[in-house]
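Subject: Structure handover

Hello,

Here is the structure we spoke about. Please open it next to this email and follow along.

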Amino acid sequence: MDRELTLNEIYRATHVLKPILRPTHLIEAPSVRSDCKIFIKPENLQVTGSFKVRGATYMISQLSEEEKARGVIASSAGNHAQGVAMAAAANGIKSVICLPAGAPISKVEATRSYGAEICLVPGVYDDAYKKAIELRDEKGYSFVHPFDNPLVIAGQGTIGLEILDELPSVDAIIVPVGGGGLISGVAYAAKQINPNIKIYGVQAEGAPSMVRSIADGEITRLGSVSTIADGIAVKQPGDLTYELCRKYVDEIVTVSDDEVCAAILHLLEKYKIVAEGAGAVSVAAAMFCQKLNLEGKKVVCLVSGGNIDVTIFNRIINRGLQKRGRLCTLAVELMDRPGQLVIVSQIIANLGANVTAVLHERTNSEIDVNECVLRISMETRDSEHIRQIIGALEGEGFKILSAE
């Protein structure tokens, strides 16, 4: 199992994975950005809903018969768990997955549905990882690392080969980055074939472990991570992935949670693609990150997964709508007398916005006793539309206290 990452290894992985993988052909996405040609690589449509099945399946396929007989173990709160469970089932071997006790029920049950034995561990991911290592040493299981393993990276690198096969003239590939396994494989494969291709990584602002490590010149562990993109909320990159990113990745940028929500909304609305937060960061970078030099280029955004937690989907959509100027709540100061609400409503109606909620407050201690606050929520076209509405209200003498 002590094999180095090579292009031949990635080509070998392609042949091993071909009977298992679902084709994820590029989708042209002109509305993401107008000054370049954007394509989406929809790994959210992959088996198990994520690219993770590639690396897990290839590594497990390369185990010896003796190792397969003992089974495999992994620690994960999401996509890697399902990838390992499915890969183990495909090879007819036992899998044990250690998950944090607080992992979403949907992810636990999805992993169990592939035949894995579930071990819920009190605490967070780090505790689940420690338990997995303990069980590996005790039972002799083979540990399937989520990113820091050359065979896992080779499996993920098959995505790079697929992109170049389908779009040989690609200029840049934008890839989500958590621990770094996905971008390491894609970058290595792409650069071996065409060193001129630009590889851009994207992390969440609340979990910039690879960004910080590259900037510091050494692997850096974050004290905490907090982001809606839970699939890339990794405190520390791997030893191998850090070195590969340092050598083959041109730049890594960060995006905010609001930008990620806007990207999820855009993919859903324009292309009927359901992306999880970690999967949508590549599109968020193309939409909002001015640091990336994409003008006039052919660019592939790798949407790495679609296993979004449906219990928070509504909140994500609303945040995305707010970021794109499609939802707005104005707090308007009014004189507390008849007819004021009618005037405000008429101005908004005349400008084509749709009012969805109204709250009339008389008890705000920060305003005069003869005044009140009107909080009015509306559906709008975009940020410019909101500015027009605010301008019209102010033109009629109304004071805008806040716009959210």
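Below is what was found, from the whole chain down to single residues.

**Whole chain**

Please keep in mind that this is a predicted model. The protein chain has 404 residues, and 55% of them count as buried. It holds 15 helices and 14 strands. Its C-alpha trace spans about 85 × 50 × 40 Å along the principal axes. Take the contacts between residues at least 6 apart in sequence: 72% of these join residues at least 24 apart.

**The six-stranded sheet**

An open sheet is built from 6 strands. Their order is S1-S2-S10-S7-S8-S9, with mixed pairing. Strand S1 (27-28) and strand S9 (251-255) are the edges, and each pairs on one side only. S1 runs antiparallel to strand S2 (residues 37-42), and 2 bridges join this pair. Ile27 has Ile40 in S2 as its bridge partner.

Helix H7 (residues 150-166) packs on this sheet. H7 touches S2, strand S7 (172-176) and strand S10 (298-303). The direction of H7 makes about 135° with that of S2.

**Strand S13 and its partners**

Strand S13 (residues 371-379) pairs with two strands listed here. With strand S11 (residues 327-335), the pairing is antiparallel over 9 bridges. With strand S12 (residues 354-361), it is antiparallel over 7 bridges. Val373 is a good residue to click on. Glu333 stands opposite Val373, and Glu361 has Val373 as its bridge partner. Of the 9 residues of S13, 7 are buried, so this strand is largely enclosed by the rest of the structure.

**Helix H2 and Thr57**

How many of the residues of helix H2 (residues 52-61) are buried? The count is 10 of the 10, so H2 is largely enclosed by the rest of the structure. Among the buried residues are Lys52 and Arg54, as well as Val53, Met59 and Ile60.

Thr57 is part of H2. Its relative accessibility is 2%, and buried means under 20%, so Thr57 counts as buried. What does Thr57 contact, leaving aside its neighbours within four places in sequence? Its contacts are Leu17, Ile20 and Ala87.

**Ser75**

Ser75 sits in strand S3 (residues 72-75). Its relative accessible area is 1%, so Ser75 is buried. Not counting residues up to four places away in sequence, Ser75 touches His80, Cys98, Tyr125, Ala128, Tyr129, Ala132 and Phe143. For a sense of scale, pick Ser75 and Leu265. They are 190 residues apart along the chain, and their C-alpha atoms are separated by 30 Å.

**Largest pocket**

The largest pocket contains about 1,200 Å³ of space. Its lining has 48 residues. Which of them lie nearest its centre? They are Tyr125, Asp230, Gly231, Ala233 and Val234. Tyr125 has come up before, as one of the residues that Ser75 touches. Helix H4 (79-90), helix H6 (125-139) and helix H8 (181-193) are the elements that give two or more residues to this lining. By class, the lining has 20 nonpolar, 19 polar and 9 charged residues.

**Second largest pocket**

The second largest pocket contains about 390 Å³ of space. It is lined by 16 residues. Closest to its centre are Thr14, Lys18, Leu21, Pro23 and Glu162. Helix H1 (7-17) and H7 each supply at least two residues of the lining. Which element gives the most? It is H7, with 5 residues. H7 is also the helix that packs on the six-stranded sheet. By class, the lining divides into 5 nonpolar, 5 polar and 6 charged residues.

**Where to look**

For a quick tour, begin with H7, which touches S2, S7 and S10 and also helps to line the second largest pocket. Then go to Tyr125, which lies among the residues nearest the centre of the largest pocket and is in the list of residues touched by Ser75. Finish at Val373, where S13 faces Glu333 and Glu361.

Best wishes

Terms used: Residues numbered from 1 in each chain as written. Predicted model: local features only at pLDDT ≥ 70, side-chain atom pairs only at ≥ 80, totals over all residues. Heavy atoms only, no water. Pairing = 2+ DSSP bridges. Helix = DSSP H or I, 4+ residues; strand = E, 2+ residues; numbered from the N terminus. Contact = heavy atoms within 4.5 Å. Axes fitted to C-alpha atoms, helices over the stretch in contact; angles between N-to-C directions. Buried < 20%, exposed > 50% of the residue type's maximum accessible area, 1.4 Å probe, protein only. 1 Å grid on protein atoms, 1.4 Å probe; cavity = no way out; pocket = protein on both sides within 12 Å on 5 of 7 lines; lining within 4 Å. Points joined across faces, edges and corners; volume = space filled by probe spheres on them. Nonpolar A, V, L, I, M, F, W, Y, C, P; charged D, E, K, R; others polar.
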